[in-house]
Amino acid sequence: MSRDKSETSAEEFFPGRKSLKAFREAAADCKACDLWERGIQTVFGEGARHAEVIFVGEQPGNEEDLAGKPFVGPAGRLLDDALIEAGIDRTQTYVTNVVKHFKWEPRGKRRIHKKPNTREIVACRPWLEAEISLLKPTIIVCLGATAAQSLLGPQFRVTKQRGQFIESTLAPYIVATVHPSSILRAPDDETRRLERRRFIDDLKKVAHVLSKTK
Ligand code: SF4
């Protein structure tokens, strides 16, 4: 019996070999949801093979889709700077997204971010689970509501629970904070400065836990 497309999962595209390289290559051909037709390419996670901390965002943006690399656009640059201020070495981290293709809609000549739906998040989740199980990080940091609700449950509220370490079977420590793109969208400079400061404070909690586990 043929299966409904809505049931397709990324797991069906898994490689035989269990290595990050094999998973990255296999994800390049994933067609488990319709987003493969919209983005230019799969944007798999990247970073240190022995990363102690994984940062998980929602999905690649315009620049990430063009480059084929996660967190290289404006939000990624904000994350880089915030990591330096928090005392976390980005070369010792791994960055990825819940959904590996850029979902967008046209506005004039621009490609505007569109939030992935539940079907797309569920279809793509096996790639993220594979990254986590291969890397075995000490800490997972969810950046924004989509990542937090995907990994911590739909009841999770970043606004109320940001910066709190939550018990999880995924890693010894898991915590959520805002997505750096939300800081960039702040309505004025003062709000942006305050939100950036709160973001760095959340990252400092991550740095503190990392220092205790060394
Ligand atoms: S978004 Fe994820 S599940 Fe959908 S096609 Fe891309 S890699 Fe596959």
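**Phe44 and its partner**

I began with phenylalanine 44, which I record as buried because its relative accessible area is 4%, and buried here means under 20%. I note at the outset that this is a predicted model, and I read each entry below as a value computed from it.

I then looked up which ring phenylalanine 44 faces. In the whole structure I find five aromatic pairs. For phenylalanine 23 and tryptophan 127, the ring centres lie 6.2 Å apart and the planes stand at 85°, so I enter this pair as edge-to-face. The two residues come from distant parts of the chain, with phenylalanine 23 in helix 1 (residues 20–27) and tryptophan 127 in helix 4, 104 residues apart. Phenylalanine 23 and tryptophan 127 are both buried. The rings of phenylalanine 44 and tryptophan 127 also have centres 6.2 Å apart, with planes at 80°, so this pair too is edge-to-face. It likewise joins distant parts of the chain, since phenylalanine 44 belongs to the loop between helix 1 and strand 1 (46–47) while tryptophan 127 is in helix 4, 83 residues away.

For tryptophan 127 I noted a relative accessibility of 1%, and it therefore counts as buried. Which residues make up the aromatic cluster? I list Phe14, Phe23, Phe44 and Trp127 as one cluster.

**The ligand**

Trp127 appears again in my entry on the ligand, as one of the residues that surround it. The others I wrote down are Cys30, Ala32, Cys33, Leu35, Trp36, Val99, Lys100, His101, Ala123 and Cys124. Sorted by class, this shell has nine nonpolar residues, one polar and one charged. I also checked where the ligand sits, and the place is the largest cavity.

**The pockets**

Turning from the cavity to the open sites, I looked up the largest pocket, which holds about 960 Å³ of space. Its lining comprises 38 residues, and those nearest its centre are His113, His179, Ser181, Ser182 and Arg185. Several elements each supply at least two lining residues, namely helix 2 (62–67), helix 3 (74–86), strand 5 (110–113), helix 5 (145–152), helix 6 (158–161), helix 7 (180–184) and helix 8 (189–213). By class I have 13 nonpolar, 14 polar and 11 charged residues in this lining.

The second largest pocket holds about 230 Å³. Among the residues that line it I noted Lys115, Pro116, Asn117, Thr118, Ile121, Val122 and Arg125, together with Ala145, Thr146, Gln149, Ser150 and Pro154. The elements giving two or more residues to this lining are helix 4 (118–135) and helix 5. Its classes come to five nonpolar, five polar and two charged residues.

**Two positive phi values**

Last, I looked at backbone angles. Phenylalanine 71 has phi near 55°, a positive value in a residue other than glycine, and I place this residue in the loop between helix 2 and helix 3. Is phenylalanine 71 buried or exposed? I enter it as buried, because its relative accessible area is 5%.

Lysine 136 also has a positive phi, near 45°, and is again a residue other than glycine. I find lysine 136 in the loop between helix 4 and strand 6 (139–143). With a relative accessible area of 65%, lysine 136 is entered as exposed, because exposed is taken as over 50%.

Note on methods:
Residues are numbered from 1 along each chain as its sequence is written. This is a predicted model: local features need pLDDT of at least 70, side-chain atom pairs count only at pLDDT 80 or more; totals for chains, interfaces and linings use all residues. Side-chain values use heavy atoms; hydrogens and water are left out. On a 1 Å grid over the protein atoms alone, a cavity is a set of points where a 1.4 Å probe fits but cannot get out, and a pocket is an open set with protein on both sides within 12 Å along at least five of seven lines; lining residues have an atom within 4 Å of a point. Grid points are joined across faces, edges and corners, and a volume is the space filled by probe spheres set on the points. Helices (H or I, at least four residues) and strands (E, at least two) are DSSP runs, numbered from the N terminus. Ala, Val, Leu, Ile, Met, Phe, Trp, Tyr, Cys and Pro count as nonpolar, Asp, Glu, Lys and Arg as charged, and the others, Gly among them, as polar. A residue is near a molecule or strand if one of its heavy atoms lies within 4 Å of it. A molecule sits in a cavity or pocket if more than half of its atoms lie within 2 Å of its grid points. Rings of Phe, Tyr and Trp (its six-membered ring) pair if their centres lie within 6.5 Å; planes under 30 degrees apart count as stacked, over 60 as edge-to-face and the rest as tilted. Buried means under 20% relative accessible area, exposed over 50%, partly exposed in between (1.4 Å probe, protein chains only).
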